[in-house]
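Let's walk through this structure together, from the overall fold down to single residues. Keep the viewer open as you read.

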Amino acid sequence: MDILFAQIQADLRSNDALRQSGALLQALQQSAAGRDISVLAKSAVEEIVASPASAISKKLAFDLIRSTRLTADLWETVCTGIRNDFDFPDPDVTAAAVSILAAIPSYRLGKLITDCSKQIDSCFDSHSDNLRFAITETLGCVLARDDLVTLCENNVNLLDRVCNWWNRIGRNMIDKSDAVAKVAFESVGRLFQEFESKRMSRLAGDKLVDSENSVAIRSNWVSSMVDFVWRRRNALMARSLVLPIENFRATVCPLVYAVKAVASGSIEVIKKLSRSSKSGGNASSSLDVVNGEKFVGVSDVVSHLAPFLASSLDPSLIFEVGINMLYLADVPGGKPEWASTSMIAILTLWDRQEFSSARESIVRAVVTNLHLLDLSMQVSLFKKLLLMVRNLRAESDRMHALACICRTALCVDLFAKESVRRGQKPVPGTDIASLFEDARIKEDLHSVTSKSLFREELVAMLVESCFQLSLPLPEQKNSGMESRVIGALAYGTGYGALNWTEPALEVVEVCRPCVKWDCEGRTYAIDCYLKLLVRLCHIYDTRGGVKRVKDGASQDQILNETRLQNLQRELVRDLREVNTPRICTRLIWAISEHIDLEGLDPLLADDPEDPLNIIISNIHKVLFNLDSSANTTNRLQDVQAVLLCAQRLGSRNARAGQLLIKELEEFKTNALADSVNKHQCRLILQRIKYVTNHSESKWAGVGEARGDYPFSHHKLTVQFYEASAAQDRKLEGLVHKAILELWRPDPSELALLLAKRVDSTLLKVPPSTYTLTGSSDPCYVEAYHLTDPSDGRITLHLKVLNLTEIELNRVDLRVGLSGGLYFMDGSPQAVRQLRNLNSQEPVLSSVTVGVSHFERCDLWVQVLYYPFYGSGPADYEDSEEDPQVMRQKKSLRPELGEPVILRCQPYKIPLTEVLLPHKISPVEYFRLWPSLPAIVECSGTYTYEGSGFMATAAQQYGESPFLSGLKSLSSKPFHRVCSHIIRTVAGFELCFAAKTWYGGFLGMMVFGASEVSRNVDLGDETTTMMCKFVIRASDESITKEIASDFQGWLDDLTDGGVEYMPEDEVKVTAAEKLKISMERIALLKAARPRPKSPKSEDGEEEEDEDEKNEDMINVEGGKTKGPTTLFKLTAEEAEHRALQAAIIQEWHMLCKDRNTKVN
């Protein structure tokens, strides 16, 4: 290998272009094989990049540079070589040099393009197509990036030049060369996409904080390009038509984006964002477009694109044109035909099984734009779409598509019903049942077992969409892609608050077979179904039977109530065929809670087919279930639910009460009932007997149905761990995420900026900086970091200031790592070379690192500066004529001299930075808390200034001073689980939830107990707060990392506000407090006056008092009972009750406070 490398290096040193290019190709081959070629890259930089060479050799040398790592010195040499090549007479050599600009590190890029700006301008005017192509392509990549926007923000001259270059790139779209025109279209398209999504900046690893100026700069470029494309649209369309057909695809996006921006009016908002006073007046006047012209412009573009849908044979071109035509179909005045033409073309791709790599994209494009089609086409697509979605591999894509289909189906159903009410003809296939018309889907729904989860996903999504339909929709400020479907919804729901129940009733009827499914223990989909059933029964009040016209019921209501009653009877008959033990109980609850018992035929009381008899026989089956699988799963829960059911059912109806008394008496004496069940049965029997004895009292024992379904698993605190429960939780998470993204999407940052007209609160504040050097060091270094959880990266931004009076020609920054950090390129340390540091002039630099796992991390910065760099003599006046020797001598670097090494403090990355807030409901949080396996606790203290009793929680609402030590927690990446603090007179409890970047769950509870200092009388009002931090996590490694340095963890959480107290100290302090209080109690006892009566009488009196107290406890309802079974309270129980009482008291006070504020 060494011989091969030596041969390659010898060839690189030769002056023969053929040998050099052959050597470079060999080096690239070695690089592709994964060998370290840094030695060869160094030779290539010194022998080819920094010296005159052929265009091919230069191009290959730059390819070699891209495939390896260079030191900062070598990058400096590369930049010098590029500057020289810009003035080289051969345009192909200059084109090769231009192409490497995109790979130059951002810390070196700003200076290079500022120095070479004149040469870059001349490249745009060059006669060589190759050079114009290279400069357009490279600047199109570089100028759209985040780091360049930031450079422009700090350099006005550079900003003017970049604006000018964007205009030149725009003009190149009409260039005579096809290749240049194509790449110019691509560059402008990239600028538009970057404005919307910032995808390229993410790929380049740039994680920069958007300031108001950077948003303004980028929007200024975008508005000028949109302006250019709109004005020259006809010329651009004509130019795109004479491009080779394989290049046409690149021209579609910039044209469509610009035309849509003008037609939809978003260009005006982008202009307001750019806030450029120079171009503000001109631009607005140049784009005062009347509506007619906007519509004609959009129609022209559609007519320009439409032929390619029919005639093109390239699937990727059909897809690109189709997607962009759908994007245009939503503009004001857009036609459904535009959407349907492109939709048919995209679906044809699916049918021909072409472009199969983009199956997910095809489905996403179709379902997202379903609402743009006319009603009959939407209906005809439903069946086909469900089959397409069923075959998607990725869960998130499948869920998103299902959510879109379900929402559109419900809206179409509403819309069609409202149209029929208004006297129009009914459109066939608009009902929900049409979703299940396909034979395969229908078979899936009706079969008991199924291998796929798709049917569960479909039913759950339909039901959850019904619930979303019942909620008020978020206000739509700007007309986005959702405008039409929201319009249809408003039309369908505007005439009656209960209109959503009609499609929901249809969903419940169609999905009835789901209660018979055997889903291997999974219950989420069936739970969703029963939850909707219970809600509908409650709304239509099925307990009271079908309402009549004379009661004021409309025909629709009577029809709907009759359908619900029939559905309930069918579900009762289905009880015998239920295959999941959990579901049997829940179905009994759902039916018995809402069935109309008074409407049952008394003559059929002995008929086994009577609904009440079927319900009670199933209650019997659950109570006396001897199946072993029922014991291993949660049988306790089933029995509890059935007993509650029996209590409410027996209290409502006399016949049900009689039948249930018999069942409960039998169960109470059976060995299957434990002591709790027996007590419960006794209580229920007493209640049912009381109701039967007081039959004349109308209100006795009536339990009102609340429409609540208490069995969805996140509401149950007791849930035995099963694999099926975990699958349920996963499915629920996916369904809810898809539903929220579709029905209540979070607006993007750009949308917020566009809506709020650059509100300063939306723009992130740069984080606080830390100084890494000492006060007397010759270089001042400060740093701050930015995190990017999506890519698992942290970027350290450094500012270096030369505090000496001399100019430092060269300063090296070395950054090393410890903990779970790594460099993207795998190197052990990063080196940044800074040149020409003038006295007191700050220089910025940055380093991006990846984080591999949850662990404490440090970045170690070392500064090497060379005070004598470049001062050594450089003698080139040699008489030798050999050009080889001359070139070697010229490439010799000036003498470095001895460096001065300055070691800085390590930059600690807080452990909290590797966390993300995790939104979770309090109920779910407290359900999850006991099941988290890893736990760790620590105690801390802080002092706060108080004013006697006013400092306690009971008096101070809002911001209490006693939380002062924890106020920085609000800025940390934790989700506050409870919106209010659970607080007592001198204490509180806070709950937080977070997830690590790698998916581990971390829950934290903070308990605080305050004590006022003993010297209040002497004016010392400082109080101490003792905090206990209890952390539970899903993984042992998380708590282990926290426990390794408690003080560090508390510092990360509270920014140094809380001091850690080891457990030994806590125990000692507690013992001291106990001792002091015992002494005080002893003093109080000793100070009590002596009783006047003799001791014996005193003893008797005490006994009498005890007896009286006991009697008072035992008297209930005027009757004395036998001796009590209550034990005396332990200290913990007494404390717990006091805490409960204090919390309730506090809650009442808060409510009272709120009422007075409202009044």
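The paragraphs below go from the whole chain to its cores, two helices, a loop, the cysteines and a cavity.

A word on ground rules: this is a predicted model, in which local features need pLDDT of at least 70 and side-chain atom pairs count only at pLDDT 80 or more, while totals for chains, interfaces and linings use all residues. Residues are numbered from 1 along each chain as its sequence is written, and side-chain values use heavy atoms, with hydrogens and water left out.

Start with the whole protein, which has 45 helices and 20 strands; these are DSSP runs numbered from the N terminus, with helices being H or I of at least four residues and strands being E of at least two. Of its 1159 residues, 48% are buried, where buried means under 20% relative accessible area, exposed over 50%, and partly exposed in between (1.4 Å probe, protein chains only). Now take contacts, meaning heavy atoms within 4.5 Å. Among those between residues at least 6 apart in sequence, 73% join residues at least 24 apart.

In soluble globular proteins, nonpolar side chains tend to be buried together. A nonpolar core here is a set of buried Ala, Val, Leu, Ile, Met, Phe, Trp, Tyr and Cys residues joined through side-chain atoms within 4.5 Å. The largest one holds 224 residues, and Val78 and Leu532 touch the most other members. Helix α29 (residues 524–540) gives the most to this core, with 12 residues. Setting aside neighbours within four places in sequence, you will find Val78 in contact with Val45, Val49, Phe62, Ile65, Leu70 and Ile104. A second, separate core has 62 residues, including Val781, Ile794, Phe854 and Phe988.

Two helices are good places to look at burial. Helix α28 (residues 501–510) is largely enclosed by the rest of the structure, because nine of its 10 residues are buried. The cover over the buried residues of α28 includes α24 (395–421), α25 (439–446), α26 (454–470), α29 and α30 (555–574). Helix α6 (residues 91–99) is also largely enclosed, since seven of its nine residues are buried. Those buried residues are Val93, Thr94, Ala95, Ala96, Ala97, Val98 and Ser99, and they pack against α4 (55–66), α5 (72–86), α8 (117–124) and α9 (129–142).

For a loop, try Pro244, between α15 (233–241) and α16 (249–264). Pro244 is partly exposed, at 28% relative accessible area. Pro244 lies 9.4 Å from Ala179, C-alpha to C-alpha, although the two are 65 residues apart in sequence.

What about the cysteines? With a disulfide taken as a pair of cysteine sulfur atoms within 2.5 Å, the count is zero. The closest cysteine sulfur to that of Cys163 is in Cys152, 7.4 Å away and so too far for a bond. Cys163 is partly exposed at 22%, whereas Cys991 is buried at 3%.

Finally, empty space. On a 1 Å grid over the protein atoms alone, a cavity is a set of points where a 1.4 Å probe fits but cannot get out, and lining residues have an atom within 4 Å of a point. Grid points are joined across faces, edges and corners, and a volume is the space filled by probe spheres set on the points. The whole structure has three cavities of 30 Å³ or more. The second largest has a volume of about 50 Å³ and is lined by Trp589, Glu593, His594, Arg648, Ala705, Arg706, Gly707 and Asp708.

Definitions and conventions:
On a 1 Å grid over the protein atoms alone, a cavity is a set of points where a 1.4 Å probe fits but cannot get out, and a pocket is an open set with protein on both sides within 12 Å along at least five of seven lines; lining residues have an atom within 4 Å of a point.
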